[in-house]
Amino acid sequence: DEEAERSALKKKRTDDEEAAHLAKSLMSKKAARLYGRMQHGIAQKQAKVDNLHKKRREIEDTREKTKDGKTLLKLKVERLKKERKDKEDAYADTGGSMKKKRRKN
């Protein structure tokens, strides 16, 4: 049953491709070139849409919450903030300044 549907779908697709090829061969050179460029632009737009859908799926997958109710991205942000604060505290303990000192010539 499924194989019959697949073969019918495949046959329809090949028929459509043959019809498009035949129609393109009957076009003038200018029209065929324009048609090819239009198809290329449509394919590029579809690729961008597919890429955005892929990114959305990845983001939604990372939004799954952990036991404490925080997302993985939120945990990463908190970890990086903590690491940065630790570095700042360690630097402050050395007595250094974050400001650049100008050299006198």
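This passage looks at charged residues and two helices in a predicted model.

A convenient place to begin is helix α1, which covers residues 2-26 and includes D16. On the surface, D16 joins D15, E17 and E18 in a patch of negative charge. The relative accessible area of D16 is 46%, so this residue is classed as partly exposed. D68 lies well away from it: the two aspartates are separated by 52 residues in sequence and by 54 Å in space, C-alpha to C-alpha.

Helix α3 comes next, with 22 residues spanning positions 72-93. From its first C-alpha to its last, α3 reaches 32 Å, close to the 32 Å expected at 1.5 Å a residue. After α3 comes G95, with a positive phi near 85 degrees.

Oppositely charged side chains also pair up, and the structure contains six salt bridges. Among them is the contact between R79 and E83, at 3.1 Å from N to O. These partners are four residues apart in helix α3, and therefore about one helical turn separates them. An α-helix has 3.6 residues a turn, so residues three or four places apart point the same way. Both partners are partly exposed, R79 at 42% relative accessible area and E83 at 38%.

The pair D89 and K85 has a similar setting, again four residues apart in α3, or about one turn of the helix. Their side chains form a salt bridge at 3.8 Å, N to O, and D89 is partly exposed at 36%. A further salt bridge links K70 with E78 at 3.2 Å, N to O. Here K70 is partly exposed at 30% relative accessibility, and E78 is likewise partly exposed at 29%.

Definitions and conventions. Residues are numbered from 1 along each chain as its sequence is written. This is a predicted model: local features need pLDDT of at least 70, side-chain atom pairs count only at pLDDT 80 or more; totals for chains, interfaces and linings use all residues. Side-chain values use heavy atoms; hydrogens and water are left out. Patches are made of residues with over 30% relative accessible area and no salt bridge: like charges are joined within 9 Å, nonpolar side chains (Val, Leu, Ile, Met, Phe, Trp, Tyr) within 5 Å. Accessible areas come from the Shrake-Rupley method with a 1.4 Å probe; for residues, only the protein chains shown count as cover. A salt bridge is a side-chain nitrogen of Lys or Arg within 4 Å of a carboxyl oxygen of Asp or Glu. Lys and Arg count as positive and Asp and Glu as negative; His and the chain ends are not counted. The place of a charge is taken as NZ of Lys, CZ of Arg, CG of Asp or CD of Glu. Helices (H or I, at least four residues) and strands (E, at least two) are DSSP runs, numbered from the N terminus. Buried means under 20% relative accessible area, exposed over 50%, partly exposed in between (1.4 Å probe, protein chains only). The expected span of a helix is 1.5 Å times one less than its number of residues.
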